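Welcome! Here are a few short exercises, each followed by a worked solution. Keep the structure in view as you go.

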Amino acid sequence: IDLVNIFAVCWRKIRRFFAIVYSAILWCVRFAYAHKGYMVLAALCALAFTLYWARPKNRNYQMDSEMRINVLDAYFFNDVISSINHMCENKDTLKLKQVLGVSPEAARTLGSIQSFYIVDLLCDDTPDEICRGEYVADTTKQIMNDRLSVRIVVKDTSLVDELTQGLLRYFTSNTYVNKMNTERLAQIDGRINTIDKEILMLDSLRKHEYFKKGSKEYNLEGPLIVSEKTKQLYYGDILTLEKDRNKKSFERVVSSRCVDFIREFTLVKVLNGYVVTMALSLAVFVVFFFLVALFMDKKSKINSFLTNK
């Protein structure tokens, strides 16, 4: 097999392909110029559609936030958020108003809500990336169960705070979630009380060791007497317990709810702005009117073909 001949044949095929593409593009440009009236009409239609579709009252705003999970895991709340998104897809604003406890305006402005897993690639309990697509299990990465990335699409950003509070109410109103969170808080309170008792006991033992317990003396041969002066103060154990108590108290105050949004929803993208809408609509209308011009140009031939004349 001569590789030089093979490469020569491949090169001729590639060059012929690009020549055909170039000829097709050149023909389309010439045809569009010959029927420039249709192209002007396409531009005017795209402009009119853009002014209507991308008007401020009809814009959609994509906003992201991060939700911290204190009970259960990310899988559970991902399913819960998916159920809310089904209501959005079905335009069931009445149901959204009921379950979220928000105003009708806020229910109508919510276009969609999605949640994405946060992945720990290095397996060091720190977030590394957000899984926007379908998560595929791998031994080199793991999903963080205590957080989710939440994305909403709204038409009115002034109602985002009301929607956020509605989502929190919806999560906490779940009976199972509420029971789990109540039990978690009770366990935290019990742990704090136990630590306080242990600290009090160690403090009493330390006072007894330092103030009440006498020093031991040992008589050696002759007049030499050795006294034990080292006393156990337990301050290391007390400091460790106080550190543990501070952590539990911090968790009790800061993470008292089942979930929390650790930051406000921030604007990420305007989905139907003027520039993007104009570009997409112009491409669609140009193709449409190009086909119309082609049909009108070949109308007589098509008619002859259909009538067998």
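The model you are looking at is predicted.

**Exercise 1.** Find how helix α3 and helix α4 are arranged: at what angle do their axes cross?

Solution. Start by locating the two helices: α3 covers residues 74-89 and α4 covers residues 93-100. Next, look at their axes, which come within 8 Å of each other and cross at roughly 145 degrees. Finally, check the handedness: the crossing of α3 and α4 is left-handed.

**Exercise 2.** Work out which residues make the contact between α3 and α4, and how many of them are nonpolar, polar or charged.

Solution. On the α3 side, pick out I84, M87 and C88. On the α4 side, add K95, L96, V99 and L100. Now sort them by class: the contact has 6 nonpolar residues, 1 charged residue and no polar ones. Lysine counts as charged, so the charged member is K95.

**Exercise 3.** Take L72 and K91 in turn: where does each one lie, and is each buried, partly exposed or exposed?

Solution. Begin with L72, in the loop between β1 (61-69) and α3. Its relative accessibility is 28%. Because partly exposed residues fall between 20% and 50%, L72 counts as partly exposed. Move on to K91, in the loop between α3 and α4. Its relative accessible area is 66%, and since exposed means over 50%, K91 is exposed.

**Exercise 4.** What is the phi of L72, and what is the phi of K91?

Solution. First, a reminder: most residues other than glycine have a negative phi. L72 is not a glycine, yet its phi is positive, near 60 degrees. K91 is not a glycine either, and its phi is positive at about 55 degrees.

Notes:
Residues are numbered from 1 along each chain as its sequence is written. This is a predicted model: local features need pLDDT of at least 70, side-chain atom pairs count only at pLDDT 80 or more; totals for chains, interfaces and linings use all residues. Side-chain values use heavy atoms; hydrogens and water are left out. Axes are lines fitted to C-alpha atoms, for helices over the stretch in contact, and angles run from 0 to 180 degrees between N-to-C directions. Helices (H or I, at least four residues) and strands (E, at least two) are DSSP runs, numbered from the N terminus. A crossing is left-handed if the near helix is turned anticlockwise from the far one by less than a right angle, and right-handed if clockwise. Contact means heavy atoms within 4.5 Å. Buried means under 20% relative accessible area, exposed over 50%, partly exposed in between (1.4 Å probe, protein chains only).
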